[in-house]
Each structure stands twice: as structure tokens, then as C-alpha cells.
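I sat down with this one to look up a few things before going back to the bench. My entries are below, in the order I made them.

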Amino acid sequence: MLTTLIYRSHICEHFPPHDLKEMVNAANLKNGQADVTGILLFNGVHFFQLLEGPEESVFNIYQRICEDSRHYNVVEVFCDFAPHRRFGKAGMELFDLREYEREEVLQSVLNRGTSKYQLIYDDRALQFFRTFVEATEKENYFEIPPADSWAFVSDDNSVQSASLPAEITTECSFAFQPIVDPLAQKTVSLEALIRTSSGEGSAAFFSGLEGDEVYKADLKSKKTAFALAGAINVGARTLSINLLPMTLVRIPEAVNFLLEEIEVNGLVPEQIIVEFTENEVISRLEEFTSAVRQLKAAGIRVAIDHFGGGFAGLSLLAQFQPERIKINRELIRDVHKSGPRQAIVRAIIQCCASLEIMVSAVGVEKPEEWMWLESAGVSHFQGHLFAAPAFEGIPAVCWPEMLSAM
Ligand code: C2E
Ligand code: MN
Ligand code: MN
């Protein structure tokens, strides 16, 4: 299928721009063999390239382009399918924007078009050309340093473990994962993640439970979470727990139960954050909203978890405003390479800034993901890059340290 891919990237300082033509000639040879055509724009700093051709060839060539050391911060802007090529000349044409007058540059680009119909201005791909040529999105190109410009240094001082007080015997336990502010080198919160008593994950814990048993087990497990948190000595840090929204709706005494267990374990409601995900909320939104009010009235803060994944969406945000939003791992993964993810994450950040909601990112595994998100304004992170969850304890955190002179 005829596939169109657009990316942009940043030229490397050590790459002399007069070598451009040579580079393009060499690339054209390969592109021609693979039946990939297109156009390459250069503005003196950024490349902007459209590739068109058979799906597999386009992806193969793009893969090679990503590995080319003459440019960096390669971001896929657009990937779509079309009935005909927009720029169908053999190989790839280089178009240096610096050689044209500002007023005529876009038209000059469009004049290279080979589409059998006149190129239409509301075509999305061509709209991307317009924004690149007019540089209207430039402030959103966050240039991040390479991954190896940071060392992640493990801080073993934070390590702590605990065992459950003898009087608590349950079929569940918890792992704790820090939520950190890496630049301040501070752990801002600990999230309690449910485990079976032998350490298996949440799916294993909930499997086999049916109907209201799920909600009862979910609520009751928090007794163990608070007991462990008390034993671990969370101190003044906040403690995040997860609850199914329906746990609060189906169990009328849920909020009182939580408050009692918080107190018994020497914690205070103001340090607790309840994270909600998902799905069932929508069907009984009124009851859920009233349970959230109860929590807030008691001093407990609320976060929407997995924001941007499935049901935890914008309409929930219109109904009530949580103190925090956690951006789903699906949006975080390779955000530094994906134009669509960047656009969505920036919109979430902007929306939350207007509502004074704190944003954190979950599932951060790569230095580049973290750096892109810092550039976009996120300062709280949870993920294996900094610390994986520790069973019945607090793990060491790996803090980033900038390595000097590359
Ligand atoms: P969550 O609230 O989003 O918790 C974070 C999950 O992401 C955890 O999975 C954690 O181990 C995982 N994670 C953290 N950093 C990374 C990373 O860098 N890469 C990847 N790939 N994963 C990372 P876990 O512990 O398996 O929990 C899964 C989900 O189960 C949680 O997602 C939460 O929604 C739910 N859950 C956990 N504890 C409870 C609970 O007590 N009650 C309820 N109802 N749900 C819970
Ligand atoms: Mn969570
Ligand atoms: Mn998750």
C-alpha cells in the first residue's frame, strides 16, 4: 500500500551543510531502487522529509534514516496512506528553504508536486509542510541531549524494607515504587502496588475473584498497604494507593474504612493520594463523584491514573478535577520519537496547567523519554529508569547526573 511518512530532525553540528547535496545523491540511489520518492526540506537547522512508497520500503528506509549519525532528535510527524504520490519524481529532491523568498517558498515547494490532481491545500501532509515552512511549530521542537549525556547513579541510602506486623495476616502484600523529581533529587511520593503474598502482580491477585469480591478485596488490601507503609516509615512523603472506582461506589463504608486504617498506622489523610483508573466510572458517574467528594472532605487527594488510556479521559476531567493526573505508559513510550504522542502529551500538560493539576509520567524507561518530558514541563516521574517497585520495601533510586563535556 502506498505509504507516506514525514519526519523532522536536527542537523549535527559537525555535519558541513555543503555536503548535503552529496548525501542526497547517495540516498537517491537507494531510494530509487526501493521505489521510494519524496522531498527533503532543509532550513539550515532542521530537516523535514516526506517519504512515499510501498509500506515496507518506506519503513526500511526510515529505519536507516533514524540510525544516521548526521542528524539527531528524529521525530516521526506523520504516517498515513494515500492513493497517489504527492512528490513522485525519481529519488528524492532536496529543497533548501534558505534559497527562497519567504512569500513564495510554500508555493515553490508545492510546485514540485507531481500528483495527477493539483495538490490540495487541506491535505494533512501538505499542512505539515506549511507549518514547517512557516516555522509556526518551532517552539515545540524540544532539542534533547543524547541519552549518554547522563549517568544514573544509584542512591542506596533510600533503601528500606519492612515486614508486616504479626497481627496482620492476609493473602496480599505490596510493592512500593517511588515517584521522583529527578532534577531536585527528591522522592515526592511512594505508590503501593498490590502483590500476592508470594510477590505476583495485580492480575494474579485479582484473578479468581468475582463480582463484589473484587471490590471487597481491593478495599481490604489497603489495610495491608497502610500497615506496610507505616512499618516502612514513609515519613512526610505522600503515599499513593490504587482503587477501582467501583470499590467506593459498591462499598458504602469504604471511605470510613480507609480513614480508620490510615489513623491506626500512624499516617494522616493529607499524605494519602487515591489513584483511580478507568472504565466503570462512566456508568455510575454521579455516585463516584460523590464518593470523591467524601475523600476530599476527609483531606485525601485524588489522582486519575492511566490518563489518556481507554476510558480515563477528558470527560472525567470535566466532571471533577483531581489533584494529579498520571499520563499512561502508552503515551510515554518513545514520546521523544513520535509527533502524535508529543502533541497529545503537550495538550494534557497545557490543560492541567490551566486547571492547576500536577502531571506525572508513569512507565519512564529511557533517558530520552524523561528528557523530552522535562522539556515539556513534567517534573514528576515513575519508572524503571529511576526505580522499579520493591516488594515490601523502598528501592534504591537512580538519580541522573549530567556528564560534563561530550
Ligand atoms: P499503575 O497504577 O499504573 O502502576 C504502575 C504500574 O507500572 C506497575 O505495575 C508498575 O510495576 C509498572 N511500572 C512502573 N514503572 C514501569 C516501567 O518503567 N516500565 C513498565 N513497563 N512498567 C512500569 P503493576 O504493579 O503490575 O500494577 C499494574 C496495575 O495494577 C497498576 O497500574 C494499577 O492500576 C493496578 N493496581 C496495583 N495495585 C492495585 C490495587 O491495590 N488496587 C487496584 N484496584 N489496582 C491496583
Ligand atoms: Mn497507579
Ligand atoms: Mn499502569
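These notes go from the overall layout to the ligand shell, then to one helix and one residue.

**Overall.** First reminder to myself: this is a predicted model. I looked up the size and got 406 residues, 35% of them buried. The C-alpha atoms fill a box of roughly 75 × 50 × 40 Å along the principal axes. For secondary structure I noted 13 helices and 18 strands. I also checked the contacts with a separation of 6 or more, and 73% of them join residues 24 or more positions apart.

**Domains.** I have domain 1 down as 2-140 and domain 2 as 147-402. Their centres, taken over C-alpha atoms, are 42 Å apart. How many residues are in contact between the two? I found six on the domain 1 side and four on the domain 2 side. Sorted by class, the domain 1 side of that contact has four nonpolar residues, one polar and one charged.

**Ligand 1.** Next I went to the ligand shell, which holds 22 residues. The ones that come nearest are L193, I194, S202, G383 and H384. Which elements each supply at least two residues of this shell? My list reads β9 (186-196), α6 (212-232), β10 (238-243) and β12 (301-307). By class I wrote down 11 polar, seven nonpolar and four charged residues.

**Helix α6.** Since α6 turned up in the ligand shell, I gave α6 its own entry. This helix has 21 residues and runs 31 Å from first C-alpha to last, close to the 30 Å expected at 1.5 Å a residue. I went through α6 for buried residues and found, among them, Y215, L219, F226, L228 and I232. Charged side chains are on that buried list too, including D218 and K222. A textbook note in the margin: an α-helix has 3.6 residues a turn, so residues three or four places apart point the same way. Just past the end of α6, I noted that N233 takes a positive phi of about 70 degrees.

**I332.** My last lookup was I332, which sits in helix α11 (residues 329-332). Why does I332 count as buried? I332 counts as buried because 27 C-beta neighbours lie inside 10 Å, and the cut-off is 20 or more. Setting aside neighbours within four places in sequence, I332 is in contact with I327, A361, V362, G363, V364 and E369. I took A361 from that list and checked the spacing: A361 and I332 are 29 residues apart in sequence, yet 7.0 Å apart C-alpha to C-alpha.

Technical notes: Residues numbered from 1 in each chain as written. Chains lettered and ligands numbered in written order. Predicted model: local features only at pLDDT ≥ 70, side-chain atom pairs only at ≥ 80, totals over all residues. Domains from an automatic or database assignment. Contact = placed C-beta atoms within 7 Å. Nonpolar A, V, L, I, M, F, W, Y, C, P; charged D, E, K, R; others polar. Helix = DSSP H or I, 4+ residues; strand = E, 2+ residues; numbered from the N terminus. Buried ≥ 20, exposed ≤ 12 C-beta atoms within 10 Å, placed from the backbone. Near = placed C-beta within 6 Å. Expected span 1.5 Å × (residues − 1).
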